Amino acid sequence: TIVLVFVTGRQARLTTAALNLARQEFVATHRPRVILRYIQGPFENEKRRQFYCVTFVNIGANSAIIEAFGADLAKRSDGTDRWAPPGLDAEPKEISPIVLTCGQRHTFIVTAKDVPEALVEIQIFREGVSDYQLCAVGVIRYRDGNGVARDTGFFRVLDDEGRNFVLSDPEMEYQD
């Protein structure tokens, strides 16, 4: 009887371990995939600051838990690819978790930072001579059911007509 209790307990632990491994493999092969669906904007708010709306969708089979998001709307010099003041800050920052099930979308609103007063005239001049590109840049970090963290990043440039953000360089966008 003692041997039977010992063997049954061991068998129960092995069965539990096998079930956990099967669940982890299923989540890994049917993982969530959060992609950038579209960007709307740029728009201006009541304070005359530019903003855009970025929508992500989970096209994977399992739920994704969004844990961090970082994005910015910044101007970049055409010739040198350097960021105009106040610069770019698209580092992901922790947010209250958002769960996206398969096919579900979530939209973030990204507002440009204020330009320091001393640099307003320089910005007006640059806008007059079209010496910059307006860029929408960002990254979203999410986790799957196994706790594996993944990132999706984007880098878009406003087109010549000023209507849409378009892909500038495929190497600048990624999905883990």
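A contact means heavy atoms within 4.5 Å. The exercises below use this term on a predicted model.

**Exercise 1. Get an overview of the chain: how many helices and strands are there, and in what pattern do they follow?**

Step 1. Count the elements. The protein chain has 2 helices and 9 strands.

Step 2. Read along the sequence. The pattern is α-β-β-β-β-β-α-β-β-β-β.

Step 3. Look at burial. Of the 176 residues, 34% count as buried.

Step 4. Look at the surface. The chain exposes about 10,900 Å², and carbon and sulfur atoms supply 53% of that area.

Step 5. Look at the range of the contacts. Among contacts with a separation of 6 or more, 66% link residues 24 or more positions apart.

**Exercise 2. Find out which element has the lowest mean pLDDT and which the highest.**

Step 1. Start with the whole chain. Its pLDDT averages 82, and 88% of the residues score at least 70.

Step 2. Compare the elements. Helix H2, residues 120-129, has the lowest mean, 50. Strand S4, residues 93-100, has the highest, 94.

Step 3. Check the weak stretch. Over residues 116-121 the pLDDT is below 50. Beyond near neighbours in sequence, this stretch has 3 contacts in the model.

Step 4. Draw the consequence. Where pLDDT is low, predicted coordinates should not be read in detail.

**Exercise 3. Work out the strand order of the open sheet that contains S2, and name its edge strands.**

Step 1. Pair S2 with S1. Strand S1 covers residues 34-44, runs antiparallel to S2 and is joined to it by 8 bridges.

Step 2. Pin this pairing to residues. Ile-35 has Val-57 as its bridge partner in S2. Tyr-38 is matched with Thr-55. Phe-43 is matched with Phe-51.

Step 3. Pair S2 with S5. Strand S5, residues 105-111, is antiparallel to S2 over 7 bridges. Here the partner of Val-57 is Arg-105.

Step 4. Put the strands in order. The open sheet has 3 strands, in the order S1-S2-S5, with antiparallel pairing. S1 and S5 are the edge strands, each pairing on one side only. Neighbouring strands are turned by 20° against each other on average, direction ignored.

Step 5. Check the cover of S2. Of its 9 residues, 8 are buried.

**Exercise 4. Decide whether Asn-58 is buried or exposed, and find what its side chain reaches.**

Step 1. Locate the residue. Asn-58 is in strand S2, residues 50-58.

Step 2. Apply the cut-off. Buried means under 20% relative accessible area. Asn-58 has 0% relative accessibility, so it counts as buried.

Step 3. Follow the side chain. It reaches the backbone oxygen of Asn-62 at 2.9 Å. A polar atom of the Asn-58 side chain also lies 3.1 Å from the backbone nitrogen of Arg-33.

Step 4. List neighbours, leaving out residues up to four places away in sequence. Asn-58 touches residues including Pro-32, Arg-33, Val-34, Leu-100, Thr-101 and Cys-102.

**Exercise 5. Determine which residues Ala-136 touches beyond four places in sequence.**

Step 1. Locate the residue. Ala-136 belongs to strand S6, residues 132-143.

Step 2. Judge its burial. Its relative accessibility is 0%, so Ala-136 counts as buried.

Step 3. Apply the contact rule. Ala-136 touches Ile-39, Tyr-52, Asp-72, Leu-73, Phe-154, Phe-155, Arg-156 and Phe-165.

Step 4. Take one distance across the sequence. Lys-75 is 61 residues from Ala-136, yet their C-alpha atoms are 8.9 Å apart.

**Exercise 6. Examine the backbone at Arg-48 and at Pro-42: what are phi and omega?**

Step 1. Recall the usual case. Most residues other than glycine have a negative phi, and most peptide bonds are trans.

Step 2. Take Arg-48. It has a positive phi of about 65° although it is not a glycine.

Step 3. Place it. Arg-48 is in the loop between S1 and S2. These two strands form a hairpin with 5 residues between them.

Step 4. Judge its exposure. The cut-off for exposed is over 50%. Arg-48 has 66% relative accessibility, so it counts as exposed.

Step 5. Take Pro-42, in strand S1. A cis peptide bond joins Gly-41 and Pro-42, with omega about 5°.

Key. Residues are numbered from 1 along each chain as its sequence is written. This is a predicted model: local features need pLDDT of at least 70, side-chain atom pairs count only at pLDDT 80 or more; totals for chains, interfaces and linings use all residues. Side-chain values use heavy atoms; hydrogens and water are left out. pLDDT is the predictor's confidence in each residue, from 0 to 100. Helices (H or I, at least four residues) and strands (E, at least two) are DSSP runs, numbered from the N terminus. Buried means under 20% relative accessible area, exposed over 50%, partly exposed in between (1.4 Å probe, protein chains only). A polar contact is a pair of N or O atoms within 3.5 Å; within protein, one must be able to donate a hydrogen and the other to accept it, and residues adjacent in sequence count only if both atoms are side-chain atoms. Two strands pair if DSSP finds at least two bridges between them. Accessible areas come from the Shrake-Rupley method with a 1.4 Å probe; for residues, only the protein chains shown count as cover. Axes are lines fitted to C-alpha atoms, for helices over the stretch in contact, and angles run from 0 to 180 degrees between N-to-C directions.
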